[in-house]
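Student: I have some questions about how the terms used for this model are justified. Can we take them in turn?

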Amino acid sequence: MQLTSLLYKVPLQSTSGDMNVEVGKLTMDSRQAAPGGLFAAIRGTQTDGHQFIGKAVEQGAAVILCEELPENRSEQVTYVQVQDSSYALGLIAANFYNHPSRKLKLVGVTGTNGKTSTATLLFRLFQRMGYRSGLLSTVQNQIDETVIPATHTTPDTIALNELLEQMVQRGCTHCFMEVSSHAMVQQRVAGLQFAGGIFTNITHDHLDFHHTFDNYIKAKKSFFDQLPASAFALTNLDDKRGLVMLQNTAARKESYSLQTLGSFKGRILSEGLFGMQMDVDGREVWFKLTGRFNAYNLLAVYGAAVLLGEDPEESLTQLSDLPSPPGRFEMVISDSKIVGIVDYAHTPDALQNVLETIAGLRQGNERVITVVGCGGNRDAAKRPIMAEIACKFSDRVILTSDNPRNEDPMAILEQMQAGVPPIHFKKTQTIEDRHEAIYRAVELAQPNDVILIAGKGHETYQEIKGVKHDFDDRKVLRAAFQQS
Ligand SMILES: CC(=O)N[C@H]1[C@@H](OP(=O)(O)OP(=O)(O)OC[C@H]2O[C@@H](n3ccc(=O)[nH]c3=O)[C@H](O)[C@@H]2O)O[C@H](CO)[C@@H](O)[C@@H]1O[C@H](C)C(=O)N[C@@H](C)C(=O)N[C@H](CCC(=O)O)C(=O)O
Ligand SMILES: Nc1ncnc2c1ncn2[C@@H]1O[C@H](COP(=O)(O)OP(=O)(O)OP(=O)(O)O)[C@@H](O)[C@H]1O
Ligand SMILES: N[C@H](CCC[C@H](N)C(=O)O)C(=O)O
Ligand SMILES: [Mg+2]
């Protein structure tokens with residue numbers, strides 16, 4: 001595509017060189033720069049892409065997009081200076097791929113917890129209702145039935161537009177995607193046209209990246225601030241920040257609630273391990289999912305389906321048959337009837353929700369044994385809190401490693417231990433090796449006891465010092481059950 005077309009609607013500060021040059025590829029990584037391509041210099045968390053402009057030119061980049069012009073410029077290269085390279089790249093990527101988001105009904109889901117669950121349920125619902133759909137999620141990306149591995153919750157702006165374009169080519173009419181707070185700060189969705197946005201909830205997480213809770217709230221809110229008037233903005237009225245999210249949106253304001261009157265109203269009538277009965281807008285429905293947090297997810301999905309023009313009754317009928325997304329309250333039951341639950345709860349709020357759900361489902365004197373760890377190179381503030389929550393709601397707790405990444409696993413565990421109140425010392429133990437920890441939990445369990453393995457859900461690896469080793473909580477648990 002010609003550079004002038006690529007720059008349509010991009011606010012420019014200065015340009016030099018041939019503006020009619022043909023651009024065949026976009027990249028934000030100098031290592032991927034190729035002849036005839038555009039390299040965008042982005043200021044990152046580890047390094048500044050501006051340092052690699054020379055490298056990109058050496059590799060043949062025809063156009064450099066940057067915030068600051070380099071001192072040594074090449075005559076053969078076109079330089080485009082903008083105030084915000086990430087934002088500009090979003091618009092350029094949308095132009096490059098011919099605005100695929102405008103050819104789909106694109107719905108974004110944001111919030112601390114529930115994004116994958118909500119987006120996945122929406123995707124499955126619409127597939128069932130006969131629409132060819134796309135999904136962009138933490139677990140995986142999907143174009144109709146084709147699964148494409150996901151590296152991020154929200155792909156970078158170039159990959160994102162490319163995926164949307166592939167969805168359009170494959171005849172998709174809808175796409176459901178997670179919008180992480182990182183994605184908002186890094187402008188990964190700039191230039192996309194959304195048909196709707198959903199807010200799930202907000203609690204403490206990612207303070208390593210956003211520094212303050214206020215910044216984190218602003219990052220989530222900015223998604224709704226940029227929605228067009230043609231879109232809907234569907235918020236959770238029961239979350240303290242639910243209305244804040246919609247304060248400055250141009251979109252049509254809609255809401256859902258289990259507690260007060262919103263556009264979509266739900267109530268849990270009864271719940272069990274294998275499902276729950278709800279009243280949704282006056283209709284009684286049985287769902288295969290359980291837990292109050294899932295009642296919120298289901299209500300958000302139902303609301304979004306109706307706002308996208310679907311029949312309420314038909315949407316509920318189809319929704320009632322959907323299973324939990326992978327690694328979300330996924331059950332593995334042993335021959336001796338020990339109940340294993342693998343759940344991706346990796347924030348204090350999620351852990352508390354899952355444990356409260358389990359507590360609510362207890363019938364007699366079954367015990368709850370929780371195996372939990374916290375990821376390395378991520379928000380350290382949540383570590384003691386998650387250990388404390390695990391103790392408060394469990395009879396036995398085994399603190400173990402999650403993905404230690406580049407941190408010392410024992411140092412993470414010591415930070416978790418700091419949150420264990422002295423009265424709970426006796427029920428808590430620390431086993432660094434996650435495999436061993438799961439086996440220990442099975443050893444401790446009696447029939448009907450519940451073992452919660454929290455934090456990694458669908459993940460099929462454990463990342464230690466830059467290496468991803470095969471590891472799947474569900475498989476390890478099944479193997480442990482077989483040996484017990
Ligand atoms: C913290 C974060 O979001 N990091 C993302 C970010 O990297 P960064 O800002 O650290 O980039 P950097 O390494 O400083 O480099 C700056 C720029 O220089 C470029 N560069 C660098 C080296 C070089 O030789 N040449 C070169 O051009 C890089 O390509 C980059 O454009 O931009 C990269 C390129 O898009 C991402 O791959 C990277 O994701 C890392 C791997 C990551 O772990 N991200 C996580 C935290 C994340 O994004 N998580 C959210 C979900 C969170 C949630 O659960 O809610 C997600 O959406 O996945
Ligand atoms: N609506 C909800 N409210 C609170 N907790 C939830 C909700 N939905 C799911 N959870 C809990 O949070 C965990 C993560 O859920 P999910 O993967 O859907 O969230 P996410 O927002 O996609 O997370 P991530 O930021 O890692 O992508 C689940 O395993 C469950 O324990
Ligand atoms: N999207 C989240 C997932 C955390 C999952 C947990 N298992 C961990 O590794 O910390 C993140 O990247 O922070
Ligand atoms: Mg997710």
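Student: What distance separates the centres of domain 2 and domain 3?

Tutor: In this predicted model, the two centres, taken over C-alpha atoms, are 27 Å apart. Domain 2 covers 100–319 and domain 3 covers 330–483.

Student: What makes domain 2 and domain 3 count as being in contact?

Tutor: Contact requires heavy atoms within 4.5 Å, and 19 residues from domain 2 and 18 residues from domain 3 take part. Between them the domains bury about 1,400 Å², with 67% of that on carbon and sulfur atoms. On the side of domain 2, the elements giving two or more residues are α7 (207–210), β14 (264–272) and α10 (292–307).

Student: How many salt bridges and how many polar contacts does the rule find across this interface?

Tutor: The rule finds 0 salt bridges and 2 residue pairs in polar contact.

Student: Why are Thr116, Thr138 and Glu178 called donors of the magnesium ion (ligand 4)?

Tutor: A donor atom must lie within 2.8 Å of the metal. Thr116 (OG1), Thr138 (OG1) and Glu178 (OE) coordinate the ion at 2.1 to 2.2 Å, so they meet the cut-off. Their spacing in sequence is T-x21-T-x39-E. Thr116 is in helix α4 (residues 115–128) and Thr138 is in the loop between β7 (133–136) and β8 (140–143), so the pair ties together parts 22 residues apart in sequence.

Student: Why is Thr138 called buried?

Tutor: Buried means under 20% relative accessible area; Thr138 has 17% and therefore qualifies. Thr116, with 5%, is buried too.

Conventions. Residues numbered from 1 in each chain as written. Chains lettered and ligands numbered in written order. Predicted model: local features only at pLDDT ≥ 70, side-chain atom pairs only at ≥ 80, totals over all residues. Heavy atoms only, no water. Donors = N, O, S within 2.8 Å, 3.2 Å for Na, K, Ca; no water. Helix = DSSP H or I, 4+ residues; strand = E, 2+ residues; numbered from the N terminus. Buried < 20%, exposed > 50% of the residue type's maximum accessible area, 1.4 Å probe, protein only. Domains from an automatic or database assignment. Buried area = accessible area lost by both parts, 1.4 Å probe. Salt bridge = Lys/Arg side-chain N within 4 Å of Asp/Glu carboxyl O. Polar contact = N/O pair within 3.5 Å; in protein donor to acceptor, adjacent residues only side chain to side chain.
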